[in-house]
Amino acid sequence: MVSTKGRYALRVMADLAQHSTGAYIPLADIAKRQEISEKYLESILKILVKERIVKGLRGKGGGYMLTRAPSQYTVGEILRPLEGSLAPVSCVDGSECCARSGQCVTMEVWRDIQKAVSGVVDHITLQDLVDRQRQLTASQGG
């Protein structure tokens, strides 16, 4: 299950992509549009800046912007810094295995789930999300 931080990170990244003008976008503007508290949003953006997924600038004229084109980001690379592994169980990503892992009949199921999740999040781009948002807005008459 993806946490609130992960869900909000995707929303923030889509917001940055949709409102990109080449200038930094103020934190307050993103927070207002996404209905996320500035303090919580700042904690998410701090992680994204550390990972060089976005750039941040403090002070007057400051804010946040993408470091590259929306088509060059995948959902997976946005989620993983906030979520850690997207594996359904810890033994699939190799971080922690139990004594039964060698004879575990369910291991293959967990690996298949992991492949399926990665197959989705590593192939949907931020641009795909922006395009979907435009389609949704257009279909709703806005």
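The following legends describe close-up views of a predicted model. Local features were taken at pLDDT of at least 70 and side-chain atom pairs at pLDDT 80 or more, whereas totals for chains, interfaces and linings use all residues. Residues are numbered from 1 along each chain as its sequence is written, and side-chain values use heavy atoms, with hydrogens and water left out.

**View A. Helix α1 and its buried residues.** Helix α1, a DSSP run (H or I, at least four residues; strands are E, at least two) numbered from the N terminus, covers residues 4-18 and reaches 21 Å from its first C-alpha to its last, close to the 21 Å expected at 1.5 Å a residue, where the expected span is 1.5 Å times one less than the number of residues. Its buried residues include Tyr 8, Leu 10, Met 13 and Asp 15; buried means under 20% relative accessible area, exposed over 50%, and partly exposed in between (1.4 Å probe, protein chains only). The buried residues of α1 pack against α2, α3, β1, β2 (63-66), α4 (75-83) and α6 (126-139), with contact taken as heavy atoms within 4.5 Å.

**View B. Glu 35 in the loop between α2 and α3.** Glu 35, although not a glycine, has a positive phi of about 55°. The residue is exposed, with a relative accessible area of 71%.

**View C. Arg 52 in the loop between α3 and β1 (54-57).** Phi of Arg 52 is also positive, near 60°, and Arg 52 is exposed at a relative accessible area of 67%. Most residues other than glycine have a negative phi.
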